[in-house]
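Reader: Hi! Could you walk me through this one while I have it open?
Author: Happy to, let's bring it up.

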Amino acid sequence: VSRYVLGSIYEIDIKSLEPRLLMHMNGEKYVEDIYSHFKKLLNLKAERKKIKLAVISIMYGSSLRNAANLTGIDRKDLKKIYEYLKIEEWKNKLINQRKDLGYIVNPYGKKIYQDGPLINYYFQSAGADCASLAFNNMIEENFMSTKFSLIASIHDAVLVDIGWDEKSLLNKLEEVDHIYCSVLDIKLPVTIIEVTNEKEDK
């Protein structure tokens, strides 16, 4: 329930955060829909939702065999995704860094000591830091108001509470289609969903 007499709670969610970070750090240009981009560029036959599942599975350490069983996508097509994302290069880079330092370091300087799928830890950690900074920038630049409240930050999303009677806030919210992280110079598209428009009983 909104804390304001006239207000709503909204969820602002970053689209495809970790795959987008990986592509950006590979030097790829910005695309709005990553998975449709993969389908067209790599000439993949699978539907978009299966391509999405394949990309996430491969990024987080799944073998091509397991990804094929999970998605039903042919291994030849999965190999195209694997090679396009430069997964092997990232694995080798992070393994060597772990051997040299005893840990890996994400793009924001955070040290990661866990054993396991290093590429997973690296981009999950980088994603959390990137999202936090980008959302913070968004709030400082647009929503420093008495009728805008941050409720929660959930990895690649935030919940915010906005007073309806402050029209400038709603107008600004409607204009937000992406946020920006200056550390990596990356544009991040977002979706905005109204979670509730219940009025608080005061």
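Reader: Which elements cover the buried residues of α3?
Author: The cover includes α1 (17–25), α2 (34–41), α4 (64–71), α5 (75–84), α6 (87–101) and α7. Before we go on: this is a predicted model, where local features need pLDDT of at least 70, side-chain atom pairs count only at pLDDT 80 or more, and totals for chains, interfaces and linings use all residues. Residues are numbered from 1 along each chain as its sequence is written, and side-chain values use heavy atoms, with hydrogens and water left out.

Reader: Thanks. And which residues of α3 are buried?
Author: Ile 51, Ala 54, Val 55, Ser 57, Ile 58 and Met 59 are the buried ones in α3. Buried means under 20% relative accessible area, exposed over 50%, and partly exposed in between, with a 1.4 Å probe and protein chains only. Contact, for the cover, means heavy atoms within 4.5 Å.

Reader: What span should α3 have, and what does the model give?
Author: Helix α3 (residues 48–59) has 12 residues and should span 16 Å at 1.5 Å a residue; its end C-alpha atoms are 17 Å apart, which agrees. The expected span is 1.5 Å times one less than the number of residues. Just after α3, Gly 61 takes a positive phi of about 105 degrees.

Reader: Which other residues have a positive phi, glycine aside?
Author: Two to look at are Ser 16, with phi near 55 degrees, and Asp 185, also with phi near 55 degrees. Most residues other than glycine have a negative phi. Ser 16 sits in the loop between β1 and α1, while Asp 185 is in the loop between β6 (178–181) and β7 (186–196).

Reader: Is Ser 16 buried or exposed? And how about Asp 185, buried or partly exposed?
Author: Ser 16 is buried, at 18% relative accessible area. Asp 185 is partly exposed, at 48%.

Reader: Let's zoom out. How many helices and strands are there in the chain?
Author: The chain has 8 helices and 7 strands. These are DSSP runs numbered from the N terminus: helices are H or I with at least four residues, strands are E with at least two. The C-alpha atoms fill a box of roughly 60 × 40 × 30 Å along the principal axes. Of the 202 residues, 43% are buried.

Reader: What share of the contacts join residues at least 24 apart?
Author: That share is 60%, among contacts between residues at least 6 apart in sequence.

Reader: Now the core. Which residues have the most contacts inside the largest nonpolar core?
Author: Phe 38, Leu 85 and Ile 179, in a core of 59 residues. Helix α7 (residues 118–142) gives the largest share of this core, 11 residues. A nonpolar core here is a set of buried Ala, Val, Leu, Ile, Met, Phe, Trp, Tyr and Cys residues joined through side-chain atoms within 4.5 Å.

Reader: What does Leu 85 touch?
Author: Leaving out residues up to four places away in sequence, Leu 85 touches Leu 22, Met 23, Asn 26, Phe 38, Val 55, Met 59 and Trp 90. Val 55 and Met 59 were also on the list of buried α3 residues.

Reader: How many disulfides did you count?
Author: The count is 0, taking a disulfide as a pair of cysteine sulfur atoms within 2.5 Å.

Reader: Why is Cys 181 not bonded to Cys 130?
Author: Because the sulfur of Cys 181 is 4.0 Å from that of Cys 130, its closest cysteine sulfur, which is too far for a bond. Cys 130 is buried, with a relative accessible area of 0%, and Cys 181 is buried at 0% as well.

Reader: Switching to the N-terminal end, what does the side chain of Ser 2 make a polar contact with?
Author: It contacts the side chain of Asp 161 at 2.7 Å. A polar contact is a pair of N or O atoms within 3.5 Å; within protein, one must be able to donate a hydrogen and the other to accept it, and residues adjacent in sequence count only if both atoms are side-chain atoms. A polar atom of the Ser 2 side chain also lies 3.1 Å from the backbone nitrogen of Tyr 4. Ser 2 lies in the segment before β1 (7–14) and counts as buried, at 0% relative accessibility.

Reader: Last one: which backbone oxygen does the side chain of Arg 98 reach?
Author: That of Tyr 113, at 3.1 Å. Arg 98 is in helix α6.
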